[in-house]
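Got a new structure open and not sure where to begin? Let's talk it through, one feature at a time.

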Amino acid sequence: MFNSLSRYKRKLAEIKKWEAKMALLKEADFLSKTAIFKMRLKSGEKKEKLLPEVFALAKEAVKRSTGMEVYDVQLIGALAAAEGNIVEMKTGEGKTLAILFPAFLEALTEKGVHVITANDYLAKRDAEMMGKIYRYLGISANYVISTTNHFDRQVAYAGDVTYSTGAEICFDFLRDNMVYNVADRRHRQKFNFAIIDEADSVLIDEAQIPLIISQRKGSEEETRKDRELFIKINRLVEILRKDVDFKINQRKQTIFLTVEGIKKLEKILGVENLYADEGENYVYYLERLLKAHHFFQKDKDYIVDNDEAVIVDEFTGRLMFGHRFFQGIHQAIEAKENLPIKEEDETLASITYQHFFRHYENFCGFTGTAKTAEKELKMIYGKKVFITPTNRPIVREDTADKFFLTWEDKLRYLVWEIEEHYLKERPVLVGTRSVIKSQQVQRILATENIPSNVLNAKNTAREAEVVAQAGKAKTVTVATNIAGRGTDIVLDSVSRALGGMVVFGLERHNARRIDNQLIGRAGRQGDPGRSSFLISADDELIKNYFLKEYQKAILKENYQNGVESRRLEKILEKAQKRMEEVFFDQRVLGFEFDKVLEKQRESFYRQRRRVLEDNSLREETLNLLILEVNKNVLGNFSLKKLLNEKEAQEIKNKAQNFIGNRWFHFSFPFVRKFSLPSIKALLQQAVEKYYKDFENFYSPEKTRQLEKAVTLKVLDLMWKEHLKKVEEFQTDALIESLGQEDFFNRYEQKIFRLYQNFLLTAPEIIIKTFLKTMNRLWEEK
């Protein structure tokens, strides 16, 4: 890292040499300079050589258009990003402005740049805030958010720099591979360069969750039956006793019925064997409902809003509208909460960030916390982490963790601490891991007459307002992880004089990065501040792994008012390291699973794009039709050279039945012996004439459209079925992974054979569908 920093400082000196020249430019000269930069790149000059001039021009544009000062550390971060690194810049150091420099450099290639932000609010805010600078430089900057319409998306993506969320860009990529008209595509054909803000959140925390485009599946009858069984089995699950009828392994997140539980259910349901009953698949509903009741907690993993169960993102604390837990879990949660049970979804297209970002020629990222995840960023994405120095020294006081026996002990101590700071008018931020705990803290503060603002998944509409107030004197803010990223908390002069913001974390997260994000809300840009974490035995991190060890250790201490203990710190560190390893293993396994599918996805999308962009599929469709006719009609006679009259007539009947239309005419002259090659030639002529006759009837232009529409529709339906089977194979492989070492090799072989079958059967299904469509159109005449 020190070698890189020295190199960037030398490059920084080059930029400063150009600054004096750029300061002499008139406003109109900036547009001319940008145009010249583009010409130089087109003529073959390397971006690396051009960079000092480009950054110097951008720095001067920032100064003139906004009056903002660009610090050396921001330029150093921008230099590291321009090389495709993940840049760690502490909270408040100016990542938003630093992003502009590599974005401007890459925009000069005229291939497009995507700046990926944490949410819609930040995408719109940053595009508008930085837009003035881009326009000064002669570069267009747009944004795409969830409410952006189709046409405006096309315009935004066609521009120089596009601000959006990872989800919007990724979903538009998937949708582009589902269109039936080239003009309907949103993105450019190739992905050039991406700059990811909060990169660790996108590339790690969100990476293990595939982005899925889906639709409701099943008939009305199947849906009704599904609902009835979820409701029926839910009543039974509610009467089952933990550790008697079923047992839970919190570490492995598994749950299973005991022998006593199985017998109880068999008696109630009136079946001899719960696992072998052919009538209803009760086990499917039992497994999902048990998980819904014991692994998914309301106001932590999801909230209930307007009769819907809405997922809460574990890492950002935000609501994930439109997302559903798959494989029946979401329906089980709806049954558990007595909500309307919706139909299960079926996947039409999916991809993970781990593979989506590989579609870019290059990408970089900015975040306040990346170093602890460097191993994974290097392994999955091939990215190095560069830590920029801070503009001013960090003076925040990070105190040792304080340990308690119970949540109630911890809460009493927290209220006492907050009361002290509130009376001194010092701002306080309390970080919790769930909606329910944030509400508990607010309620107990209210009983002590301490007003507080709450920011969680239930009130994100007030996010900007709450964050804007959080740094003011005598303000107490209680928040989930939603307060850990995005908008900076700015102190007022009174708060700064009082020692800055005090941050309390009410438990450690599974990943140190998330803790560091919360800590970083205090002490930005050299401000004073303080952080402290309060830990108890019922914290998720402790109770799932080291509960007995923790309780044994704390009972030896004077723990009533909290205790600082190196021994307890080691237990906590051990638990956090264990959880980081568990999640790392899950993400790597997910990456390997999707890696197998990614090869097939690339192959499928490549074939689909070829069909979509082809102006005429006539020759290809006709050749496939002739091949399928030969295979189905002449297949049994392939070893014969001469055929008798009966066999020839059989071929004629088969041909007529395969085409399935009275407008098809296939005849041959009467002879005693028929040559197979001659019959094959006559059959081909008959098929070609039938095709030509259809074109004359339907029109060549409309036939070209029909060829393309049928081919794409069949491919999409087959791909949907393929993805369904892949999901089933993945589920089977995960079960096998618990006890068999070679499970992944078997999974890989199954998926390979599955795709081979897809490729082999697609032509036949396309042709049969095309023939049926042709015949229907003939008959409608």
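What follows is a chat between a learner and a teacher about reading this predicted model.

Q: Let's start broad. Which domains does the assignment give for the chain?
A: Domain 1 covers 1-212 + 355-387, domain 2 is 218-343, domain 3 is 397-564 and domain 4 is 613-780. For a sense of scale, the C-alpha centres of domain 2 and domain 4 lie 43 Å apart.

Q: Now a helix. How many residues does α6 have, and what should they span?
A: The idea is to compare an expected span with the distance in the model. Helix α6 runs over residues 120-136, so at 1.5 Å a residue its 17 residues should span 24 Å. The end C-alpha atoms of α6 are 24 Å apart, which agrees.

Q: Where does α6 bend?
A: Look at Met130, where α6 bends by about 40°. Met130 is also one of the buried residues of α6, a group that includes Leu122, Ala123, Ile133 and Tyr134.

Q: What do the buried residues of α6 pack against?
A: Quite a list: the helices α2 (27-42), α3 (47-66) and α5 (95-107), plus the strands β2 (113-117), β3 (141-144) and β4 (161-165).

Q: And the ends of α6? Which residue caps the N-terminal end?
A: That's Asn119, with a side-chain oxygen 3.1 Å from the backbone nitrogen of Tyr121. Beyond the other end, just after α6, Gly138 takes a positive phi of about 80°.

Q: Which residues other than glycine have a positive phi?
A: As a general idea, most residues other than glycine have a negative phi. Two cases to look at here are Asp307 and Asn449. Asp307 has a phi near 60° and sits in the loop between β9 (302-305) and β10 (308-312). Asn449 has a positive phi of about 60°, and its place is the loop between α17 and β18 (453-455).

Q: Is there a way to tell how exposed those two are?
A: Check the relative accessible area; exposed means over 50%. Asp307 has 51%, so it counts as exposed. Asn449 has 66%, so it is exposed too.

Q: How about the opposite end of the scale? Is Asp200 buried or exposed?
A: Buried, because its relative accessibility is 0%. Asp200 belongs to helix α9 (residues 199-205). Its side chain makes a polar contact of 2.6 Å with the side chain of Thr367, and another, of 3.1 Å, with the side chain of Thr369.

Q: Next, rings. How many aromatic pairs are there?
A: The idea is to check how far apart two ring centres lie and how the planes are angled. The count comes to 40 aromatic pairs. One of them is Phe30 with Tyr136, an edge-to-face pair at 4.9 Å centre to centre, with 75° between the planes. This pair links distant parts of the chain, as Phe30 in helix α2 and Tyr136 in helix α6 are 106 residues apart. Both Phe30 and Tyr136 are buried.

Phe593 and Phe744 form a tilted pair, 5.8 Å centre to centre with 35° between the planes. This one also links distant parts of the chain: Phe593 is in helix α23 (residues 566-613), Phe744 is in helix α28 (residues 743-780), and they are 151 residues apart. Phe593 counts as buried because its relative accessibility is 5%. Phe744 is at 17%, so it counts as buried as well.

Notes
Residues numbered from 1 in each chain as written. Predicted model: local features only at pLDDT ≥ 70, side-chain atom pairs only at ≥ 80, totals over all residues. Heavy atoms only, no water. Helix = DSSP H or I, 4+ residues; strand = E, 2+ residues; numbered from the N terminus. Expected span 1.5 Å × (residues − 1). Bend = angle between axes of the 7 residues up to and from the residue. Buried < 20%, exposed > 50% of the residue type's maximum accessible area, 1.4 Å probe, protein only. Contact = heavy atoms within 4.5 Å. Polar contact = N/O pair within 3.5 Å; in protein donor to acceptor, adjacent residues only side chain to side chain. Domains from an automatic or database assignment. Phe/Tyr/Trp six-rings, centres within 6.5 Å; stacked < 30°, edge-to-face > 60°.
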